[in-house]
Amino acid sequence: MRIAILSRNENLYSTRRLKEAGEARGHQVDIIDTLHCYMDITSSNPTVRYHGEVLPRYDAVIPRIGASITFYGTAVVRQFEMMGTFCVNESVAISRSRDKLRSLQLLSRKGIGLPRTGFASKPDKIQDLIKNVGGAPLVIKLLEGTQGIGVVLAETNKAAESVIEAFMGLKANILVQEFIKEAGGADIRCFVVGDKVVAAMKRQAAEGEFRSNLHRGGAAQLVRLSKEERATAVNAAKAMGLNLCGVDILQSNHGPVVMEVNSSPGLEGIEIATKKDVADLVFQFIEKNAKPNANRTRGKG
Ligand SMILES: Nc1ncnc2c1ncn2[C@@H]1O[C@H](COP(=O)(O)OP(=O)(O)OP(=O)(O)O)[C@@H](O)[C@H]1O
Ligand SMILES: [Mg+2]
């Protein structure tokens, strides 16, 4: 098959691994820089142009759209969908996953376990917002944060109130969430391909830290999932409409709860921790599913 990886950087571990794995399975794999794609959207025959030429008809596209280029990146993916090209993750699903509130609302609608979460723009009753999610200890998150930056643990209602007030004063969008203390500073990253969890790792926060992000000194190891955890991850991916994603789960005393679903999950951490060839599994999925016009929304979302 002829397959394109949409990625800004061909040197990233995930991009390199995907190319390597695809080629090892006999495919022709091109890395296309998303921001260098351009197109005539009014043409009756939709195409994508790149470096002065029309891109060939790909059998499949693997979008690796970074958070900072979501807007343009999803437009490029949509153009491929309009051409009937199979996109491993559809543009609408990527957009959903980038909006934390939208994601949580979608997951909640499907009855997937979540930490109790509140959000507000200008509450005149901050105390009520706090009470509503069960009171301190609470986690307060900046919606735009990543890698653990902008995630604050407030151990008392008074501290929570001050932090919320401070963030609101900065006009930041935040959400207020029940602190899952029993998770013990660990979370589980489930790597989902199609309707299966193909690899899972437990990330444990460094001593004295509750955020398990590897960037914050967390350590990862292979983990065996319970049936319920596995089902939660698969259902979360399905609710978001993502075929390839990382579902982050906390082990709470009311069952597994989903923190987040990532539509461009990194391969490095998970392949090292689990020693699984995740990239190869992505291509096995493509071989089974990539057919023209197989995407559900076909760019209509
Ligand atoms: N409600 C919670 N209870 C307990 N621990 C939490 C909770 N929310 C987050 N954490 C811990 O903090 C870490 C960072 O939180 P989160 O993943 O929400 O933000 P982020 O990593 O900054 O954002 P993103 O994952 O979008 O890059 C999590 O990996 C988890 O270990
Ligand atoms: Mg995270």
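In the predicted model, strands β3 and β4 (residues 49-50) are joined by two bridges and run antiparallel. Within this pairing, C37 of β3 is positioned opposite Y50 of β4. The two strands belong to an open, three-stranded sheet with antiparallel pairing, in which the order is β3-β4-β5. Its edges are formed by β3 (37-38) and β5 (53-54), each of which pairs on one side only.

A second open sheet comprises four strands, ordered β8-β11-β9-β10, and its pairing is likewise antiparallel. Here the edge positions are taken by β8 (117-120) and β10 (151-154), each with pairing on one side only. On average, and with direction ignored, neighbouring strands of this sheet are turned by 25° against each other. Strand β8 is connected to β11 (residues 174-178) through four bridges, the two strands running antiparallel. In the register of this pair, G118 faces V176 of β11.

Two helices are associated with the four-stranded sheet. Helix α4 (residues 100-109) lies across β8, β9 (138-142) and β11, and its direction is at about 135° to that of β8. Helix α6 (residues 157-169) also packs on the sheet, where it touches β8, β9, β10 and β11. The direction of α6 makes about 10° with that of β9.

The loop between α5 (126-132) and β9 contains V133. The relative accessible area of V133 is 6%, and the residue is therefore classed as buried, the cut-off being under 20%. When residues up to four places away in sequence are not counted, V133 touches R116, T117, G118, L138, V176 and E178. Among these contacts are G118 and V176, the two residues that stand opposite each other in the pairing with β11. By contrast, the C-alpha atoms of V133 and T15 are separated by 40 Å, the two residues being 118 residues apart along the chain.

At the level of the whole protein chain, the division is into domain 1 (2-96), domain 2 (117-179) and domain 3 (182-288). For domain 2 and domain 3, the C-alpha centres lie 25 Å apart. The contact between these domains involves 10 residues of domain 2 and seven residues of domain 3. The size of an interface is often expressed as the accessible area that is lost when the parts come together. Between domain 2 and domain 3, the buried area is about 710 Å², with carbon and sulfur atoms giving 52% of it. On the domain 2 side, Q147, G148 and V151 together supply 51% of the area buried against domain 3, a contribution that exceeds that of any other three residues. Of these, V151 falls within the edge strand β10 (151-154) of the four-stranded sheet.

Further along the chain, T274 is located in helix α8 (residues 268-274). With a relative accessibility of 9%, T274 lies under the 20% cut-off and hence counts as buried. The side chain of T274 reaches the backbone oxygen of I270 at 2.6 Å, and this distance is within the 3.5 Å applied to polar contacts. Apart from neighbours within four places in sequence, T274 is in contact with A199, A200, M201 and L222.

Definitions and conventions: Residues numbered from 1 in each chain as written. Chains lettered and ligands numbered in written order. Predicted model: local features only at pLDDT ≥ 70, side-chain atom pairs only at ≥ 80, totals over all residues. Heavy atoms only, no water. Buried < 20%, exposed > 50% of the residue type's maximum accessible area, 1.4 Å probe, protein only. Polar contact = N/O pair within 3.5 Å; in protein donor to acceptor, adjacent residues only side chain to side chain. Contact = heavy atoms within 4.5 Å. Pairing = 2+ DSSP bridges. Axes fitted to C-alpha atoms, helices over the stretch in contact; angles between N-to-C directions. Domains from an automatic or database assignment. Buried area = accessible area lost by both parts, 1.4 Å probe.
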